[in-house]
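Here are some exercises to work through at the bench or at your desk. Keep the viewer open, try each task yourself, and then compare your steps with the solution.

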Amino acid sequence: MYRWDGGFIMVDREHFDQAVQWYEELLGWKCLDKVTSWVGRKAFMKLPRSGVVTIKSFEGEYDHFQSITTEGNVKLGFATYDIDETLRYLADKNVAYTDINVLPNGRRYCDIFAFENTKLTIAEEPRGDDQTEYPPSGIVGFGNVNTIIHVRDPKLSAQWYEKHLGFNIVKVDEAKGFAHLQTEDAYDRNELNQSLWDNIWLLQTNDVVEKPNDNKARTYYDIRPSVFFKEYNQLIKNGVKPSQIAGDPINGWGGFHIYDPDHNRINVWSYNVH
């Protein structure tokens, strides 16, 4: 099973430090550390409620880290308890956003245009008993809308993701044009040896894109180093063509990407936990 594991927010190399500052000042995220590795610069951003997202520079020799001009249809999701309040705050900071849409489960969501017009998807969820005081942006972390992917045929796409990535199909509604999938959360499985299920929504659209494409906010799915090359080769055997491997998944960090039948780019990484 390929497990959901957050992702990268890609930025131009020369604007890397400006991007980190923007996310700290505008959204209230905290930079835990900056590192420079053989796959470029990274900044680990602690999200206010929980989770860490990595700001990553476009650089290096690998195809996997190149800047792609065509916008893709895979969205990395962040949570807010009050989408209206979040959008009012962002408007005051001159941050643009799209119209609000509604998922099949009733959750409201939209895209905001962050640093360098990077699209981040925010989805509203109930606050529950959480009384913590968060930064004014209200974008508290990863939520239970983890990924949104636009596809032509949700039923066929759900079967593709089940076959190749091991996702569980929760529900398919062809009349309403969606499929709800789940996969395990990588952190809970790898670090805590627990099973927590993350949500992927496939939404029907006729507005598909051609390869190559990607968003700057890139969703990643994790596989463990011990099975990395086995899974990589299995994709090839199944007729799915993965990209060149970037980095070293056995001794550090390694990643690649594939495309689903609608040319949606799916990113995969692997790294040593300890």
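**Exercise 1. Find which element gives the largest share of the lining of the largest cavity.**

Solution. Keep in mind that this is a predicted model.
Step 1: Select the lining residues, which are Glu-71, Val-74, Lys-75, Leu-76, Asp-111, Lys-119, Thr-121, Asn-215 and Ala-217.
Step 2: Ask which elements give two or more residues to this lining; they are strand E5 (74-80) and strand E8 (119-124).
Step 3: The largest share, three residues, belongs to E5.
Step 4: Sort the lining by class, and you get three nonpolar, two polar and four charged residues.
Step 5: For the volume, about 50 Å³ of space lies in this cavity, and the structure holds one cavity of 30 Å³ or more.

**Exercise 2. Work out which parts the salt bridge of Asp-111 and Lys-75 ties together.**

Solution. Start from a general point: side chains of opposite charge can pair when their charged atoms come close.
Step 1: Check the distance between the side chains of Asp-111 and Lys-75, which is 2.7 Å from N to O.
Step 2: Place the partners: Asp-111 is in strand E7 (residues 108-113) and Lys-75 is in strand E5, so the pair links parts that are 36 residues apart in sequence.
Step 3: Both Asp-111 and Lys-75 also appear in the lining of the largest cavity.
Step 4: For context, a search of the whole structure gives 14 salt bridges.

**Exercise 3. Trace the open sheet of eight strands and say which strands stand at its edges.**

Solution.
Step 1: Follow the order E2-E3-E4-E1-E14-E17-E16-E15, noting that the pairing is mixed.
Step 2: Look at the ends of that order: strand E2 (30-37) and strand E15 (246-247) each have a single partner strand, so one side of each lacks a neighbour in the sheet.
Step 3: Turn to strand E1 (residues 3-12) and strand E14 (residues 217-222), which run antiparallel and are joined by five bridges. Arg-3, for example, has Asp-222 as its bridge partner in E14.
Step 4: Add the helices. Helix H1 (residues 16-27) packs on the sheet and touches E1, E2, strand E3 (40-46) and strand E4 (52-58), with a direction that makes about 5° with that of E3. Helix H5 (residues 228-237) also packs on the sheet, where it touches strand E16 (253-259) and strand E17 (265-271); its direction makes about 15° with that of E16.

**Exercise 4. Describe the lining of the largest pocket: how many residues line it, and which lie nearest its centre?**

Solution.
Step 1: Count the lining residues, of which there are 28. Nearest the centre are Asp-5, Gly-51, Val-52, Phe-142 and Tyr-187.
Step 2: List the elements that give two or more residues: E1, E3, E4, helix H4 (186-192), strand E13 (197-204) and E17.
Step 3: Split the lining by class into 12 nonpolar, nine polar and seven charged residues.
Step 4: Note the volume, about 760 Å³ of space.

**Exercise 5. Inspect the backbone at Gly-177, Asn-94 and Pro-212.**

Solution. As a rule, most residues other than glycine have a negative phi, and most peptide bonds are trans.
Step 1: Strands E11 (residues 168-173) and E12 (residues 178-184) pair in the antiparallel sense over five bridges, with Val-172 opposite Ala-179. Their hairpin has four residues between the strands, and Gly-177 takes a positive phi near 75° there.
Step 2: Asn-94, a residue other than glycine, has a positive phi near 65°. Asn-94 sits in the loop between helix H2 (83-92) and strand E6 (101-102).
Step 3: Lys-211 and Pro-212 are joined by a cis peptide bond, with omega about -10°. Pro-212 belongs to the loop between E13 and E14.

Technical notes:
Residues are numbered from 1 along each chain as its sequence is written. This is a predicted model: local features need pLDDT of at least 70, side-chain atom pairs count only at pLDDT 80 or more; totals for chains, interfaces and linings use all residues. Side-chain values use heavy atoms; hydrogens and water are left out. On a 1 Å grid over the protein atoms alone, a cavity is a set of points where a 1.4 Å probe fits but cannot get out, and a pocket is an open set with protein on both sides within 12 Å along at least five of seven lines; lining residues have an atom within 4 Å of a point. Grid points are joined across faces, edges and corners, and a volume is the space filled by probe spheres set on the points. Ala, Val, Leu, Ile, Met, Phe, Trp, Tyr, Cys and Pro count as nonpolar, Asp, Glu, Lys and Arg as charged, and the others, Gly among them, as polar. Two strands pair if DSSP finds at least two bridges between them. Contact means heavy atoms within 4.5 Å. Axes are lines fitted to C-alpha atoms, for helices over the stretch in contact, and angles run from 0 to 180 degrees between N-to-C directions. A salt bridge is a side-chain nitrogen of Lys or Arg within 4 Å of a carboxyl oxygen of Asp or Glu.
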